[in-house]
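This report describes how the helices and strands of one chain are arranged, together with some details of its backbone. Please keep the sequence and the structure in view while reading.

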Amino acid sequence: MQYRSLGRTGLQVSEIGFGAWGIGGQMWKGGDDKQSLKALHRAVEKGINFFDTALAYGNGHSESLIGKLLEEREEELLVATKIPPFNQRWPAQGTLEEAFPRHHIVNSVETSLKNLGQDCLDLVQLHVWDPSWARDLRWHEALCDLRQMGRLRFFGISINDHQPQTAREVVERGLVDCVQVIYNIFDQSPADELFQLCSEKRVGVIVRVPFDEGALTGKVTPDTHFSRRDWRSRYFAGERKEQVWERVQKIVSETGIELEQLPALALRFCLQPKAVGTVIPGMRRVEHVEANAAVSDLGSLEEETLQILRSQRWEKNFYP
């Protein structure tokens, strides 16, 4: 496992982090706590030291599982969590007072600390973001106060889906230590401006959704069926599975890889920008951990392959 600096925080994070949405349950079908804990422990054994969770993942269940991991391991592990919007609007909607009033920020941090069994959080992120909030700094004041109290070390924002430009002002003004953003072979928009700006301002970058919710694993075909409980039944609704499969076949054909190699290729693509500190694929099983962790040692992609992948950019939004 290779490690990188997460912006100006000084934190040395594993290139491959553990995305812990899935282990929270509720919106994902399959898996159980016993299986999740095995995956978490295997991640540590494979050198993963960065775990990204959120209070909203299973109403704190994901945090509690990671809390068990922290209790049982002696290694120094880093955990990032997120404060959900008070008005429960996803993506961000409403005023700052409606989404992140001070009392909600404080209460959420205290709840996360309890779930994780910790006295101080390594990284806290606002789970949604509206650029207008960069001009109303009450959220920033609340987080700075919590940092001064020793309840958190660093803080940042998780940028709304496919909207990297909305973080520009907050990064330029140095108001956050980190940003979390969607970046993958299909959605390459953060590379247009945001990554360079983050490098200049020494703001850490956490990349989420490297597999485009499974599209870039090669396992979503026209015949794939998702149960109603699985939120991906909405993400891949209608003709979207056919669209995804057609584009995946093009990537495989033009790069000359086998379909089974696509997930590793997708992760290597995400690791290419120097601004990226860590990529956090979702993991619920030991086999996910082993496959993803192994990618860190494969090195950089050749320029010819990068050019092919850059040409696969796809402007879409399946979330609404």
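## Helix 1 against helix 11

Helix 1 passes helix 11 in a right-handed crossing, and, as with everything described here, this is a feature of a predicted model. The contact is formed by Lys38, Ala39, Arg42 and Ala43 on the side of helix 1, and by Val286, Val289 and Glu290 on the side of helix 11. Sorted by class, the residues in this contact are four nonpolar and three charged, with no polar residue.

Two packed helices are described by the angle between their axes and the distance between the axes. For helix 1 (residues 33-45) and helix 11 (residues 286-294) the angle is about 25°, and the axes lie 8 Å apart. Angles under 35 degrees count as roughly parallel, and helix 1 and helix 11 are therefore roughly parallel to each other.

## Helix 9 against helix 12

A second helix pair is formed by helix 9 and helix 12, whose axes come within 10 Å and cross at roughly 160°. This angle makes helix 9 roughly antiparallel to helix 12, and the crossing of helix 9 with helix 12 is right-handed.

In this pair, Ile251, Glu254 and Thr255 of helix 9 meet Thr305, Ile308 and Leu309 of helix 12. The residues of the contact of helix 9 with helix 12 comprise three nonpolar, two polar and one charged.

## The parallel sheet

Eight strands build an open sheet with parallel pairing, and their order across the sheet is 3-4-5-6-7-8-9-10. The edges are taken by strand 3 (18-19) and strand 10, each of which has a single partner strand, so one side of each is left without a neighbour in the sheet. Within the sheet, strand 8 (residues 178-182) pairs with strand 9 in the parallel sense over five bridges, and Arg208 in strand 9 is the bridge partner of Ile182.

Strand 9 is mostly covered, with five of its five residues buried. Gly204, Ile206 and Arg208 point one way from this strand, whereas Val205 and Val207 point the other way, and all are buried. Elsewhere on the sheet, helix 5 (residues 138-148) lies across strand 5, strand 6 (121-126) and strand 7 (152-158), and its direction is at about 155° to that of strand 7.

## An enclosed helix and the loop after it

Helix 10 (residues 262-271) has eight of its 10 residues buried, so it is largely enclosed by the rest of the structure. The buried residues of helix 10 are Leu262, Pro263, Leu265, Ala266, Leu267, Phe269, Cys270 and Leu271. The elements that cover them include strand 1 (3-5), strand 9 (204-208), helix 9 (240-255), strand 10 (276-279), helix 11 and helix 12 (303-310).

Is the residue Lys274 buried or exposed? Lys274 is found in the loop between helix 10 and strand 10, and because its relative accessibility is 84%, Lys274 counts as exposed. The C-alpha atom of Lys274 is separated by 33 Å from that of Ala99, and these two residues are 175 residues apart along the chain.

## Backbone exceptions

Most residues other than glycine have a negative phi, and most peptide bonds are trans. Against that background, which residues does a cis peptide bond join? The cis bond joins Trp90 and Pro91, with omega about 0°, and Pro91 lies in the loop between strand 5 (78-83) and helix 3 (96-99).

Positive phi values occur at Val209, where phi is near 55°, and at Glu213, where phi is near 60°, and neither of these residues is a glycine. Val209 lies in the loop between strand 9 and helix 8 (232-235), and the loop between strand 9 and helix 8 is also the place of Glu213. Under 20% relative accessible area is the cut-off for buried; Val209 has a value of 14% and is therefore buried, and Glu213, at 12% relative accessibility, likewise counts as buried.

Technical notes
Residues numbered from 1 in each chain as written. Predicted model: local features only at pLDDT ≥ 70, side-chain atom pairs only at ≥ 80, totals over all residues. Heavy atoms only, no water. Axes fitted to C-alpha atoms, helices over the stretch in contact; angles between N-to-C directions. Helix = DSSP H or I, 4+ residues; strand = E, 2+ residues; numbered from the N terminus. Parallel < 35°, antiparallel > 145°, perpendicular 65-115°, else oblique. Left-handed = near helix turned anticlockwise from the far one by under 90°. Contact = heavy atoms within 4.5 Å. Nonpolar A, V, L, I, M, F, W, Y, C, P; charged D, E, K, R; others polar. Buried < 20%, exposed > 50% of the residue type's maximum accessible area, 1.4 Å probe, protein only. Pairing = 2+ DSSP bridges.
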